[in-house]
Amino acid sequence: MKTVGIDIGTTSISAVVADTRRCKAEKSYTIENNSFLKTDHPWEKLQNPEEIRKKVLGLLQRISEECEGIQAIGLTGQMHGIVYLNEKGEHVSPLYTWQDQRGSIPFRDGKSLCEVLKETQGVEVSTGYGLVTHIYQTIMGQVPEQAVSMCTIMDYIGMILTKRRTPLVHSSNAAGFGFFDVERGCFQDALLEQAGVSDWILPEVTGEIISLGTYQGIPVYTAIGDNQASFLGAVEDAENSILVNIGTGAQVSVCSDSFLQEEEIETRPYLGNHYLLVGSSLCGGRAYALLESFFRQYGEAMGIKNMDHYAVMEQLLENNSHTGEKLRVDTRFAGTRAYPERRGSIQNIGVDNFTPQVLIEGVLEGMADELFAFYQKMEKGETQVRTKIIGSGNGIRRNRYLQKIMSEKFLMELQVCQHTEEAALGAALSCSYEKERNRDDLF
């Protein structure tokens, strides 16, 4: 079975044509998603759904011209964000992305909306989550008058392709909005009512991968979250594996048949009756990019331009002969989901270790430390001993030193995923989930 998987990411839109019987990507495509909108507020992170629609349709047209025999289309993309829809199924707002910060700016008595929701309702939600954004918009009277529903950008694209008027959202995406009971597979209506959210705005939710309709005669299936899609596309032995994904952000994920309640660990819906336990770093690979930017700015101040500073950083690591005390770098430069105000630090600075080489190594160690700390929390509720660690995302694929550090941290040899577009491949594989696989085969 030949299927297409489309991943609508924050910075790029990717697609793969996959042979689902062999679980292999036959062809891949990537285009830039340069659809961010300029705003008057630095905390707003908005994208243009119309631009994204044009890009996806153009990509599908290119695929149809180059590949024959496509039997299904699967979708995934950036989680948490929302777009408002009218009764015709048309967007009436920008896409409020997962990076949007209106949930963490001062809201009431100097506290953010997320802090107020935690104090008044005991709900742990993060800025950028769709229902946090919606609650803020409701209180501020900024919900579009024509809005009758909302969904993620990949759900909206599914509607566009199949000409649906109402969204059907997989539980993996619905949970990304917040205020979702993962065990029961439904929104927490009572808590939402207390927060002023009417249930009419909420989309229909399903736990199944089912057809939304057709696009040019090809069935289009329910979109799934990019974390779930990446896991499906990267991990063959889900029961025994740990997935570490490092891109702009970073995540460590394991598949489990148990629901876990632990601070900073999200239990997310997966496929079938399974869950993904996820620890997310907001900075992730951006921590290394910030360090590169630091060196680049200094070099440009000296008149050195068009230099590959990542290559220089790698060379410094290669020639690092320091054997003394290391720098302890906390790379939570963008805070955490639970504590957005938290910031990173550099500790244990001495006269012998404050060098570029040791600092670079310290940042990589800090990135690994944050993810390993998440995994240690996951282990508390698990009896399954994982024996494999899989690395995915360009942040780890392109950095062999980070691969080495991860292996040492987890005490396992890290295997780099052979697929470069794991989420798009996972979306493609999800199409055949109900048809060709017994559920237990995936675990």
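**Figure 1. The largest nonpolar core of this predicted model, with Leu131 among its best-connected members.** This core holds 66 residues, and the ones with the most contacts inside it are Ile6, Ile8, Ile73 and Leu131. Helix α4, residues 153-162, supplies the largest share of the core, with six residues. Apart from it lies another core, made of 39 residues and including Ile246, Tyr288, Val329 and Ile396. A helpful thought while looking at both: in soluble globular proteins, nonpolar side chains tend to be buried together. Now zoom in on leucine 131. Which residues does it contact, leaving aside its neighbours within four places in sequence? They are Met150, Phe177, Gly178, Phe179, Phe187, Leu192, Val197 and Leu202.

**Figure 2. Helix α3, an enclosed helix.** Helix α3 runs over residues 130-139, and because eight of its ten residues are buried, the rest of the structure largely encloses it. The buried residues are Gly130, Leu131, Val132, Thr133, His134, Ile135, Tyr136 and Gln137. Just after α3 comes glycine 141, whose phi is positive, at about 65°.

**Figure 3. Glycine 81 and its surroundings.** This glycine belongs to the loop between β5 (72-77) and β6 (83-85). Is glycine 81 buried or exposed? Its relative accessible area is 3%, so it counts as buried. Not counting residues up to four places away in sequence, glycine 81 touches Leu95, Tyr96, Thr97, Trp98, Gly128, Cys151, Thr152 and Phe177. For a sense of scale, asparagine 240 is 159 residues away in sequence, and the two C-alpha atoms are 31 Å apart in space.

**Figure 4. Serine 28 in strand β3.** Strand β3 covers residues 24-32 and includes serine 28. With a relative accessible area of 45%, serine 28 is partly exposed. Its contacts, not counting residues up to four places away in sequence, are Ala15 and Val16. Along the chain, threonine 420 is 392 residues from serine 28, yet their C-alpha atoms are separated by 8.7 Å.

**Figure 5. A salt bridge between two loops: glutamate 262 and lysine 380.** The model contains 21 salt bridges. In this one, the closest N and O atoms of glutamate 262 and lysine 380 are 3.5 Å apart. Why does the pair tie together parts that are 118 residues apart in sequence? Glutamate 262 lies in the loop between β18 (250-256) and β19 (266-269), whereas lysine 380 lies in the loop between α10 and β23 (388-392). Glutamate 262 is partly exposed, at 25% relative accessibility, while lysine 380 is exposed, at 61%.

**Figure 6. Further salt bridges, and a network.** Glutamate 266 pairs with arginine 268, their closest N and O atoms being 2.9 Å apart. Arginine 268 is buried, with a relative accessible area of 3%. Aspartate 330 pairs with arginine 332, and here the closest N and O atoms are 2.7 Å apart. Aspartate 330 counts as buried at 19% relative accessibility, since the limit for that class is under 20%. Arginine 332, at 22%, counts as partly exposed. Lys326, Glu365, Asp369 and Lys409 are joined into one network by salt bridges that share partners.

**Figure 7. Helix α10 and the loop before it.** Helix α10 spans residues 356-379, 24 in number. From first C-alpha to last it reaches 35 Å, close to the 34 Å expected at 1.5 Å a residue. Most of α10 is covered, with 18 of its 24 residues buried. Asparagine 348 sits in the loop between β22 (345-347) and α10, and is partly exposed at 26% relative accessibility. Its phi is positive, near 70°, in a residue other than glycine.

**Figure 8. Leucine 411, another residue with a positive phi.** Most residues other than glycine have a negative phi. Leucine 411 is not a glycine, but its phi is positive, at about 60°. It is found in the loop between α12 (400-410) and β24 (414-416). At 75% relative accessible area, leucine 411 is exposed.

**Figure 9. A nonpolar patch on the surface.** Tyr298, Met302, Ile304, Met307 and Val312 together make a patch of about 480 Å². Tyrosine 298 belongs to helix α8, residues 286-301. Is tyrosine 298 buried or exposed? With 58% relative accessibility, tyrosine 298 counts as exposed.

Methods: Residues numbered from 1 in each chain as written. Predicted model: local features only at pLDDT ≥ 70, side-chain atom pairs only at ≥ 80, totals over all residues. Heavy atoms only, no water. Patch = residues over 30% accessible without salt bridge, like charges linked within 9 Å, V, L, I, M, F, W, Y side chains within 5 Å. Areas by Shrake-Rupley, 256 points an atom, 1.4 Å probe, with all protein chains shown as cover. Salt bridge = Lys/Arg side-chain N within 4 Å of Asp/Glu carboxyl O. Helix = DSSP H or I, 4+ residues; strand = E, 2+ residues; numbered from the N terminus. Buried < 20%, exposed > 50% of the residue type's maximum accessible area, 1.4 Å probe, protein only. Contact = heavy atoms within 4.5 Å. Expected span 1.5 Å × (residues − 1). Core = buried A, V, L, I, M, F, W, Y, C linked by side-chain atoms within 4.5 Å.
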